[in-house]
Structures are given as structure tokens and as C-alpha cells.
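Here are a few exercises to work through with the model open in your viewer. Try each task before reading its solution.

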Amino acid sequence: MDFFLHSTSIVDNNCQIGKGTKIWHFSHILSDTIIGQNCSFGQNCVVGPKVKIGSGVKTQNNVSIYEGVQIEDDVFLGPSVVFTNVLNPRSFINRRNEFKTTLLKKGCSIGANATIVCGITIGNYALIGAGSVVTKSIPDFGLMAGVPARRIGWVSISGNKLFFDENGLAEDNFDRTRYQLNNDIVTLIE
């Protein structure tokens, strides 16, 4: 194995797990799941079945990533983040064929105890505050907080709040990346 699997954890059949990934205590990776390189899954995580996760994803303790969730590279999931995959669940109705797709795009971060309602997209490098309830898609670089979550600003690739001037330009002092705000859309200036 090119990855670390704690002795208390289980990986089901037909999973692909990338080199350098670490799966810690009491976690379960269900069948047909694909996990990229250099990921980390904290204690008591459940992933899958049929989930696809990119490389460099950090998942803290007590997170269940259900079928229908797709995660791109470099995503951060704080402790006890909650995902759903059906909009109107009933214990007495099988709705497996109604699972909604939820997409977490590259570099986004979701704070502890946030709830992500299925069928949405969280944009590149978006930042979701702890305890938020996300019910709608989030734009790239969006800074979200609250119940329900609403946009309270914009963040850089490094996760720092952006302050735009009268021309719609901002620069992150940490890494000197530059951004343009135009019609409520933030883009990275290359």
C-alpha cells in the first residue's frame, strides 16, 4: 500500500486510494470510491460509496461524505461538516435514484459544523464559515456565513478577506495575488 490505513479503519472492495493519503482511526471507505494523493481523513470519517475525491483534500474528524458528493483538489472540510444527498428524505421511501450532485471546487474550505444541502456547487477557493447552513451555490472566492449562509465578502486563494478599490481591484498582501470584481464575479488577475 502506498497510503496509510489505521488498523481500526476499513477500505471496501474496488477503491482507489492515492499515494501518501492517510486514513485515521475508525474510518470507513465504501466500495467504488476514488481518493487522490496526499489526502487526510481524521477519526470517524465515512466516504462513499462511489465518491470521487481529488488530491490534497483534508477532512477533519466526524465527516461523512455521501454518494453524490464530488470533491476537487485541495479542499478543506472542518470537523463534523454535514452533507446531504436527498432533498426530501423519508425512511420508508427508497430515493437512491434521486441523489443530487454536490460539487466542491478546487481549494474551497468549509468550516466546522457547517451543513451543505445537496444539489449545489461551492466555487473555487470559496470559504464557508463554521456552523453555516449552505442552501444555494456559492461563487468562486465567496465568503459565506450564517443560517442560511449568505455572502459577507470575498476571499483570496490564501483565504484572506479581499477589499476592492473603486476600480474593483484587490491584492492579497500575503501572496500578492491580484483580483478583479466585476458584476459580482471575482476573477484572479494572471
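**Exercise 1.** Which residue in the hairpin of S24 and S25 takes a positive phi?

*Solution.* Before you start, note that this is a predicted model, where local features need pLDDT of at least 70, side-chain atom pairs count only at pLDDT 80 or more, and totals for chains, interfaces and linings use all residues. Residues are numbered from 1 along each chain as its sequence is written, and side-chain values use heavy atoms, with hydrogens and water left out.

Step 1: find the strands, which are DSSP runs of E with at least two residues, numbered from the N terminus. S24 covers residues 178-182 and S25 covers residues 185-189.
Step 2: check the pairing, which requires that DSSP finds at least two bridges between two strands. Here the strands run antiparallel and 5 bridges join them; Leu-181, for instance, has Val-186 in S25 as its bridge partner.
Step 3: look at the 2 residues between the strands; Asn-183 is the one with positive phi, near 55 degrees.

**Exercise 2.** Work out which strands stand at the edges of the open sheet.

*Solution.* Step 1: write down the order of the 6 strands, S3-S6-S9-S12-S15-S18, with parallel pairing.
Step 2: read off the edges. S3 (16-17) and S18 (121-122) each have a single partner strand, so one side of each is left without a neighbour in the sheet.
Step 3: zoom in on S18. Its pairing with S15 (residues 102-104) is parallel, over 2 bridges, and Leu-104 has Ile-122 as its bridge partner in S18.

**Exercise 3.** Take the salt bridges (a side-chain nitrogen of Lys or Arg within 4 Å of a carboxyl oxygen of Asp or Glu) and place three of them along the chain.

*Solution.* The structure holds 5 of them.

Step 1: Arg-96 and Glu-67 come to 3.0 Å between their closest N and O atoms. Arg-96 sits in the loop between S14 (82-83) and S15, and Glu-67 in the loop between S11 (64-65) and S12 (69-71), so the pair ties together parts 29 residues apart in sequence. Glu-67 is buried at 17% relative accessible area (buried is under 20%, exposed over 50%, partly exposed in between, with a 1.4 Å probe and protein chains only).
Step 2: Asp-74 and Lys-106 have their closest N and O atoms 2.8 Å apart. Asp-74 is partly exposed at 41%, and Lys-106 is partly exposed at 29%.
Step 3: back to the hairpin. Arg-151 forms a salt bridge with Asp-184, at 3.1 Å between the closest N and O atoms. Arg-151 is in S22 (residues 150-154) and Asp-184 in the loop between S24 and S25, 33 residues apart.

Note on methods. Helix = DSSP H or I, 4+ residues; strand = E, 2+ residues; numbered from the N terminus.
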